[in-house]
Amino acid sequence: MKKPVTVGVIGCGYWGPNLLRNFAENEAARLRWMCDLDPGRLEVLGRRYPSAEPARDYKRLLADPQLDAVVVATPVGTHHTLVKEALQAGKHVLVEKPLTASAREAEELCELAERSGLTLMVDHTFVYTGAVRKIKEIVESGELGELLYFDSTRINLGLFQHDINVVWDLAPHDLSIMDYIIGRRPEAVTATGSCHIERGIENIAYVMLRFADEFIAHFHFNWLAPVKIRRTLIAGSRKMVVYDDIEPTEKVRVYDSGVTASRRPDEQDREAAYRTLVSYRTGDVWVPKLDSTEALHYVCEEFLEAVTKRRRPLTDGASGLRVVRLLEAAQASIKEGGRFVKV
Ligand SMILES: NC(=O)c1ccc[n+]([C@@H]2O[C@H](COP(=O)([O-])OP(=O)(O)OC[C@H]3O[C@@H](n4cnc5c(N)ncnc54)[C@H](O)[C@@H]3O)[C@@H](O)[C@H]2O)c1
């Protein structure tokens, strides 16, 4: 068996413990450090993972020559500094979404990782879910026909963040899902949002992406909704997919529905010459079976394999950068009253 990759997790707040658990359970890894500014978090988690050394100062991890990789699960504003220093110390890095707070920072990290021959991966968790991987398979098979639109809603009575708005908090999920499934790059972003609770921090936002052709993507993000909705529609010219992440089992449904447009000579209006006739098709609904393994299990597996095999991970720095570019463009558009911002 290969030597396990030694891992240290920086940031053990809400999300960090999920990473600690998954790396602790993975036999290709050895959890060597856990780091948090809060000694209370280290004490609680230290009882669960006694073999991991606790540290309040992340520099102790970076100075450890036995440590191969660092996992960064701290607030977004700290990602750039921590990831940069980790890469400079020769560590492979898995960082939480979004990669950084600006595209310029993300570009710098991608270049640094490339130059140093180190793995830089972003935890775009949803890309590793059974549902999203199944949808990708369906889209790639061509079953949906030509793709027409992507429409996503992610709303609930969410945890209000004080350092980032709802777009930076929630959009990395849907943008990374779209980036993976559609595999196309948008040309421009327009967005609008409102701050009802804290000045300058939008708690509701509508984001729209335009592509080179008629394909269009739309997103609704909201921390102030009475119900939790996480639903995405992906329409194709032949079939359509509804992905409902709240559904316990039947998260993905494929509808054999759509319309067919045909042109017929127009008897009444000879000027127009032809009339477009629309016929509707509502056929079967198929519910594919999904892999229900926790997505983070695959995130950790992908990271460890990329490190040991020295290959590019699926959600590499470049995919993190693409998402950050869209976040930045959406933010700029909100500030400028919905102006189309080129990406
Ligand atoms: N992939 C997902 O589905 C998912 C879900 C939630 C959060 N996240 C991401 O995880 C990251 C953390 O979010 P969270 O909700 O866990 O935040 P959090 O505030 O609950 O936890 C962050 C922790 O980092 C610690 N910390 C901050 N600066 C540090 C430093 N310099 N050194 C050591 N520890 C430090 C804090 O003490 C805190 O315990 C964010 O990037 C967020 O976007 C991802």
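Ligand contacts and helix α4

Me: In this predicted model, what makes the pair formed by an oxygen atom of the ligand and a polar backbone atom of Trp15 a polar contact?
Reply: The oxygen atom of the ligand is 2.8 Å from a polar backbone atom of Trp15, and because a polar contact is a pair of N or O atoms within 3.5 Å, this pair counts as one.

Me: How do you know that the side chains of Glu96 and Thr125 also make polar contacts with the ligand?
Reply: A polar side-chain atom of Glu96 lies 3.0 Å from a nitrogen atom of the ligand, while an N or O atom in the side chain of Thr125 is 2.7 Å from a ligand nitrogen, and both values fall within the limit of 3.5 Å. Of the area of 850 Å² that the ligand exposes when taken alone, the protein buries 78%.

Me: Which kinds of residue make up the shell around the ligand?
Reply: The ligand is surrounded by 17 residues, with Tyr14, Trp15, Asp36, Lys97 and Thr125 the closest, and the shell divides into seven nonpolar, six polar and four charged residues.

Me: How do you know that the span of helix α4 is close to the expected one?
Reply: Helix α4, residues 76-88, reaches 19 Å from its first C-alpha to its last, and this is close to the 18 Å expected for its 13 residues at 1.5 Å a residue.

Me: Why are residues such as Val76 and His79 of α4 called buried?
Reply: They are called buried because their relative accessible area is under 20%, and His80, Leu82, Val83, Ala86 and Leu87 are also buried in α4. Among the elements that cover the buried residues of α4 are β1, β5 and α5.

How values were computed: Residues are numbered from 1 along each chain as its sequence is written. This is a predicted model: local features need pLDDT of at least 70, side-chain atom pairs count only at pLDDT 80 or more; totals for chains, interfaces and linings use all residues. Side-chain values use heavy atoms; hydrogens and water are left out. A residue is near a molecule or strand if one of its heavy atoms lies within 4 Å of it. A polar contact is a pair of N or O atoms within 3.5 Å; within protein, one must be able to donate a hydrogen and the other to accept it, and residues adjacent in sequence count only if both atoms are side-chain atoms. Accessible areas come from the Shrake-Rupley method with a 1.4 Å probe; for residues, only the protein chains shown count as cover. Ala, Val, Leu, Ile, Met, Phe, Trp, Tyr, Cys and Pro count as nonpolar, Asp, Glu, Lys and Arg as charged, and the others, Gly among them, as polar. Helices (H or I, at least four residues) and strands (E, at least two) are DSSP runs, numbered from the N terminus. The expected span of a helix is 1.5 Å times one less than its number of residues. Buried means under 20% relative accessible area, exposed over 50%, partly exposed in between (1.4 Å probe, protein chains only). Contact means heavy atoms within 4.5 Å.
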